[in-house]
Amino acid sequence: FIDGWDIQLSFEFGLLGVITTHISLRDENLTADFWTRSSATRDLIDANLQRFRQQLKHRGFNPGQLCAHLGQPPDPEPAPDPTAALDDNLLDIEA
């Protein structure tokens, strides 16, 4: 189990179109990917990633990979089922 946050959001921004972002936060380490179908919007996001990185640092985060992509985001992986049975025994009992 990894302690942290994974957030995926999509917004419609008028002339910019739909922007989808996936943000992962582990302790102070933050990564973000942005997807759009518009190459102009992708270029605009890409041009502002350094400024975003500086804002994150100013707020106490450790920014990792920050990327702008053209196209659709990959399908999110389903969250693990916390009630699923474990394959290994938690106790080693010998009689």
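Helices (H or I, at least four residues) and strands (E, at least two) are DSSP runs, numbered from the N terminus. By that definition the protein chain shown here has one helix and four strands, and read along the sequence it follows the pattern β-β-β-α-β. This is a predicted model, in which local features need pLDDT of at least 70 and side-chain atom pairs count only at pLDDT 80 or more, while totals for chains, interfaces and linings use all residues. Residues are numbered from 1 along each chain as its sequence is written, and side-chain values use heavy atoms, with hydrogens and water left out.

**The whole chain**

Begin with the full chain displayed as a surface. Its accessible surface, calculated by the Shrake-Rupley method with a 1.4 Å probe and, for residues, with only the protein chains shown as cover, comes to about 7800 Å², of which 54% belongs to carbon and sulfur atoms. Of the 95 residues, 21% count as buried, where buried means under 20% relative accessible area, exposed means over 50%, and partly exposed lies in between (1.4 Å probe, protein chains only). A contact means heavy atoms within 4.5 Å; among the contacts with a separation of 6 or more, 41% are between residues 24 or more positions apart.

**Stop one: strand S1 and the nonpolar patch**

Select Trp5, Ile7, Leu9, Phe11, Phe13, Leu16 and Leu44, which make a nonpolar surface patch of about 650 Å². Patches are made of residues with over 30% relative accessible area and no salt bridge (like charges are joined within 9 Å, nonpolar side chains, that is Val, Leu, Ile, Met, Phe, Trp and Tyr, within 5 Å). Strand S1, residues 5–12, gives the largest share of this patch, four residues. Within strand S1, select Phe11, which is partly exposed, with a relative accessible area of 40%.

**Stop two: Ile19 in strand S2**

Move next to Ile19, in strand S2 (residues 18–26). Is Ile19 buried or exposed? Ile19 is buried, because its relative accessible area is 11%. Leaving out residues up to four places away in sequence, Ile19 touches Leu9, Ser10, Phe11, Phe13, Phe34, Trp35, Thr41 and Ile45. Draw a distance from Ile19 to Arg37, 18 residues apart along the chain, and their C-alpha atoms are separated by 8.0 Å.

**Stop three: Thr36 in strand S3**

Thr36 lies in strand S3 (residues 29–36) and is buried, with a relative accessible area of 2%. The side chain of Thr36 reaches the backbone oxygen of Val18 at 3.4 Å. Not counting residues up to four places away in sequence, the residues that Thr36 touches include Leu16, Val18, Thr41 and His69.

**Stop four: helix H1**

Finally, select helix H1, residues 39–58, where Arg53 is found. Arg53 is buried yet has no salt bridge, and the nearest side chain of opposite charge, Asp46, is 9.2 Å away. Here a salt bridge is a side-chain nitrogen of Lys or Arg within 4 Å of a carboxyl oxygen of Asp or Glu, and Lys and Arg count as positive and Asp and Glu as negative, with His and the chain ends not counted. Apart from neighbours within four places in sequence, Arg53 is in contact with Pro63, Gly64 and Leu66.

Leu49 is also found in helix H1, and at 9% relative accessibility Leu49 counts as buried. Beyond residues up to four places away in sequence, Leu49 touches Phe34, Leu66, Cys67 and Ala68. The C-alpha atoms of Leu49 and Ala32, 17 residues apart along the chain, are separated by 9.8 Å.

Technical notes
Polar contact = N/O pair within 3.5 Å; in protein donor to acceptor, adjacent residues only side chain to side chain.
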